[in-house]
Amino acid sequence: MSGTLSQLRIIIIFILAGTALTIWLPQSLAITETQDFLSVQFLDVGQGDSIHITTPDGYEMLIDGGPSSAVLRELAKGRSFFDKNIDVVIATHPDSDHVAGLVDVLERYQVDYLLETNVKSDSQAAVAYEAVARTEGARIIVAEAGQTIQLGASTTVYILSPQGDTTDWETNTASIVVQVVYGNTSFMLTGDAPSSIEDYLVGQYGSALHSDVLKLGHHGSNSASDELFLDAVTPQYAVVSAGKDNRYGHPRQEVLDRVQERGIEVVSTIEKGTIELESDGTRVWVK
């Protein structure tokens, strides 16, 4: 897929066996209370990633679940006890700091669609995730660049990476990269994708990568968020999802320097806990 992202069809399209399967999410599936803005929460789950998206018309998407059951605590905040449905869950790649918490999510919530890649891991967390994912009842879709998810009437999610069969890929390289678009605003969410994938994305999409918010790849590791990618995305906010005093030294100072040299505001779960950004379709702000 190449060209501007706006040329993509505004429906859910999953490419299976070379054919396009079109799936619509009816409004009745959205049981979360409607709101005035798009909400994107970077959940406080420690050293890991978990992003919760709620659209103005009540649809929900969860991208990753962090390293533990802490994701359940965060999802419960402000939520009706009777709301046990999440429309779409994306497991960007099978590393434990992204999928361990999804085991609890899939056991607690009814999930309609589950997107993942073919790449495998033999870690305890990945094996547990695989087991529960196959019994939870969600429709499992293998993510691939070119797919589009329409979350209700207002919000479109573009799958930008990976391209092709990821079975033998390194797990971070296989990360599902998405751009969430609401009105004239957008969020670039890159999992743990390294700079090699960032360079591929710049070559494929160029200025269409521009987004108001960028989640810094791999928790602010120096393996991601290189100059070429930052200059293509040109975000207003850069989000760090990492744990306090983590043993990896995330976020790396050289990454923060690259970001701040470009006048991009950094917000981090280390300092703020859960970070909620909202959009009215015209602008984005930290709530």
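This report describes an open sheet, its strand pairings and the nonpolar cores of a predicted model.

## Basis of the model

The model is predicted: local features need pLDDT of at least 70, side-chain atom pairs count only at pLDDT 80 or more, and totals for chains, interfaces and linings use all residues. Residues are numbered from 1 along each chain as its sequence is written, and side-chain values use heavy atoms, with hydrogens and water left out.

## The open sheet

Eight strands form an open sheet in the order β8-β7-β6-β5-β4-β3-β16-β17, with mixed pairing. Strands (E, at least two residues) and helices (H or I, at least four) are DSSP runs numbered from the N terminus, and two strands pair if DSSP finds at least two bridges between them. The edges are β8 (139–142) and β17 (284–286); each has a single partner strand, so one side of each is left without a neighbour in the sheet. From one strand to the next, the twist averages 20 degrees; axes are lines fitted to C-alpha atoms, and angles run from 0 to 180 degrees between N-to-C directions.

## Parallel strands β6, β7 and β8

Strand β6 (residues 85–90) runs parallel to β7 (residues 110–116), joined by five bridges; I86 has V111 as its bridge partner in β7. N85 belongs to β6 and is buried, at a relative accessible area of 10%. Buried means under 20% relative accessible area (1.4 Å probe, protein chains only). A polar atom of the N85 side chain lies 3.4 Å from the backbone oxygen of Q110.

β7 also pairs with β8 in the parallel sense, over four bridges, and L115 stands opposite I141 in β8. Together with helix α3 (residues 124–133), β7 and β8 make a right-handed β-α-β unit: with the strands pointing away from the viewer, the path from the first strand over the helix to the second runs clockwise.

## Antiparallel strands β3, β4 and β5

Strand β4 (residues 51–54) is covered on both faces, with I51 and I53 buried on one side and H52 and T54 buried on the other. It pairs in the antiparallel sense with β3 (residues 38–42) over four bridges, where V40 has I53 as its partner.

β4 also pairs antiparallel with β5 (residues 60–63) over four bridges, I51 standing opposite I63. Five residues separate β4 and β5 in this hairpin, and G58 in the turn has a positive phi of about 95 degrees.

## Nonpolar cores

The largest nonpolar core holds 31 residues, of which F42, I53, M61, V178, F187, L189 and L277 touch the most other members. Such a core is a set of buried Ala, Val, Leu, Ile, Met, Phe, Trp, Tyr and Cys residues joined through side-chain atoms within 4.5 Å. Another core, of 26 residues, lies apart from it and includes Y158, I197, V233 and A242.

Notes. Buried means under 20% relative accessible area, exposed over 50%, partly exposed in between (1.4 Å probe, protein chains only). A polar contact is a pair of N or O atoms within 3.5 Å; within protein, one must be able to donate a hydrogen and the other to accept it, and residues adjacent in sequence count only if both atoms are side-chain atoms.
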